[in-house]
Amino acid sequence: MEKYSIKVDETNKKVDMIVSGSFEPADVEQFVKDYQTKIGAITTNQYTLDVDCTTMNILTKDMVPSLENSFKMYNQSGFEKILFTIKKNPVIKMQLKRIAKNSGLTNSEVVEIA
């Protein structure tokens with residue numbers, strides 16, 4: 001199973017990203033390379049980044065810094081808006097909100113689905 005996918009939808013000015021399971025440091029390294037390649041080709045301030053986290057596992061303490069770096073990368077990309085979609089899970093919601101705050105990500109929202 002893939003741990004992530006990144007698809008640019010130029011028609012709807014949206015980047016659909018799916019993250020699932022747990023990431024290892026090597027996964028993070030490959031993710032950053034793929035992200036920079038795909039996002040570098042678009043004008044991000046016209047796009048919404050929609051991150052589907054519905055199959056993401058609760059983060060372990062050692063992976064929090066990697067996710068913070070990813071959030072900082074999203075922030076530096078300059079998206080118009082960033083959405084993190086999760087299933088109802090208070091722990092993941094709290095983790096994502098805290099990491100977004102610590103990363104200076106002010107234009108993000110955590111959306112819970114049933």
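Before I turn to the strands, one definition: two strands pair if DSSP finds at least two bridges between them. With that in hand, and bearing in mind that this is a predicted model, we can say that S3 and S4 pair, since five bridges join them, and that they run parallel. One of the positions along that pairing is Val51, whose bridge partner in S4 is Phe84.

Let me place this pair in its setting. The strands form an open sheet of five, in the order S1-S2-S3-S4-S5, and the pairing across it is mixed. At the edges are S1, residues 4–9, and S5, residues 108–113, each of which pairs on one side only. From one strand to the next, the twist averages 15°.

On the other side of S3 comes S2, and these two strands pair in the parallel sense over seven bridges, with Asp16 standing opposite Asp50 of S3. The chain gets from S2 to S3 by way of H1, and this β-α-β crossover is right-handed. S3 itself is mostly covered, seven of its nine residues being buried.

The next unit along the chain consists of S3, H2 and S4, and it too is a β-α-β unit of the right-handed kind. I would like to spend a moment on its helix. What span should we expect for the 14 residues of H2, which are residues 64–77? At 1.5 Å a residue the expected value is 20 Å, and because the C-alpha atoms at the two ends of H2 are 20 Å apart, the model agrees with that expectation.

Which residues of H2 are buried? They are Val64, Leu67, Ser70, Phe71, Met73, Tyr74 and Ser77. In an α-helix there are 3.6 residues a turn, so residues three or four places apart point the same way, and that is a useful thought to keep beside the list. The buried residues of H2 pack against three strands, namely S2 (14–21), S3 (48–56) and S4 (81–87), and also against the helices H1 (25–39) and H3 (90–102). Just after H2 comes Gly78, whose phi is positive, near 80°.

Finally, let us move to the far end of the strand order. S4 and S5 pair in the parallel sense over six bridges, and here Lys87 stands opposite Ile113 in S5. H3 packs on the sheet, where it touches S3, S4 and S5, and the direction of H3 makes about 175° with that of S5.

Note on methods: Residues are numbered from 1 along each chain as its sequence is written. This is a predicted model: local features need pLDDT of at least 70, side-chain atom pairs count only at pLDDT 80 or more; totals for chains, interfaces and linings use all residues. Side-chain values use heavy atoms; hydrogens and water are left out. Helices (H or I, at least four residues) and strands (E, at least two) are DSSP runs, numbered from the N terminus. The expected span of a helix is 1.5 Å times one less than its number of residues. Buried means under 20% relative accessible area, exposed over 50%, partly exposed in between (1.4 Å probe, protein chains only). Contact means heavy atoms within 4.5 Å. A crossover is right-handed if, with the strands pointing away from the viewer, the path from the first strand over the helix to the second runs clockwise. Axes are lines fitted to C-alpha atoms, for helices over the stretch in contact, and angles run from 0 to 180 degrees between N-to-C directions.
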